[in-house]
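Here are a few exercises to work through with the model open beside you. Try each task before you read its solution.

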Amino acid sequence: MEEENKRFADRLREELLGAEGKARHCQIAEIAAIARFEGGGTDGNDLILVRSENEALVRKVFTLLQKAFNIIVEFSMYTKHRSAKAVSEIRIRDPKIRGILLKNLARPDLKRTCCRRAYLRGAFEAAGTISDPARYYRLEYVFRTREDADAVMEIMRSLSLEGKYAARGRTHVVYLQDGQQLADAIALMDARYSVLELENIRVVRDMRGRIGRRVNCETANLNKTVHASARQLRDIEELEESGVLASLPKTLQEAARLRKEYPDASLSELGDLMQPPVGRSGVNHRLRKIAEYAQDLRYRKEYLKNREEL
């Protein structure tokens, strides 16, 4: 039940934080992305490799550093002033370790596709958000600088993702808002279970959309039929009251009688009731002729009325 109550974004983030590249070069690429987009800069001689309210993210970097560089770093937690939120950080004090990390993380080798995927995952873990796909499709990265946004957009393009850019206040946003693009991006970041969940949501949304369009189409057709029927009934009534209907050809009288008896019937249904049956176009032709006679009748009445007034 607890899992069901979690948002899709939370489940995706948990899965990503549990995923990591097997190769050292991929681990370095992921650390580099997190450090770049969620790093705390420097504090005196210390390097704040990562600083975040997401403790799980900081712990992941801690684990990746052990695997990729075989080093143990300082992991600390403190509470922000005027806030109950705890902030976790990894602080590098040793100059030698700081030099090793800066050398490897400042310009990570992203020639391999697997490393670019790991970098994209790290960027999302540090700066990414995603909407509820049951409502609308939007995955975005929010960066502090345009340079960061351009770097991620370039990686996206290399992975066939069509990232778009937008400025939002002082931040720079790279986003995707197509269902298939979201699925591709999540798959590239190795969130397999989230991809399956997203695909299920997309199927349901697509079915609802098709059903909605069909209902709207049928409703529009029904309204059109109702309005046309009401207009035809007015024409028939006028022709009856004036005695003109009785003088019309038998085929038109039959069409008028059936329309009065079955006001909600479609043209095809009326045609099936005629003897012999008539196609939809034939019924439409007869009702159109009835409308022409009714219009002629109204013109004559208007003409006579104008002559009397004169």
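**Exercise 1.** Among contacts between residues at least 6 apart in sequence, find what percentage joins residues at least 24 apart.

*Solution.* Work on the predicted model. Start by counting two residues as a contact when heavy atoms lie within 4.5 Å. Next, keep the pairs at least 6 apart in sequence; 61% of these link residues at least 24 apart.

**Exercise 2.** Decide whether the chain is a compact globule or more spread out than one.

*Solution.* Begin with the inventory: 12 helices and 8 strands. The globule rule gives 19 Å for 310 residues, whereas the radius of gyration is 35 Å, well over that value, so the chain is more spread out than a compact globule. Then look at the box that the C-alpha atoms fill along the principal axes: roughly 110 × 50 × 40 Å. Finally, turn to burial: 41% of the 310 residues are buried.

**Exercise 3.** Work out which residues touch the most other members of the largest nonpolar core, and which helix gives the most to this core.

*Solution.* As background, nonpolar side chains in soluble globular proteins tend to be buried together. Here the largest nonpolar core holds 63 residues, and Leu49 and Leu65 touch the most other members. Helix 3 (residues 24-38) is the top contributor, with 9 residues. Leaving aside neighbours within four places in sequence, the contacts of Leu49 include Ile31, Ala35, Val61, Leu65, Ile90 and Leu101. Separate from this is a second core of 19 residues, with Leu245, Leu248, Leu267 and Ala294 among them.

Key: Residues numbered from 1 in each chain as written. Predicted model: local features only at pLDDT ≥ 70, side-chain atom pairs only at ≥ 80, totals over all residues. Heavy atoms only, no water. Helix = DSSP H or I, 4+ residues; strand = E, 2+ residues; numbered from the N terminus. Rg over C-alpha atoms; globule rule 2.2 N^0.38 Å. Buried < 20%, exposed > 50% of the residue type's maximum accessible area, 1.4 Å probe, protein only. Core = buried A, V, L, I, M, F, W, Y, C linked by side-chain atoms within 4.5 Å.
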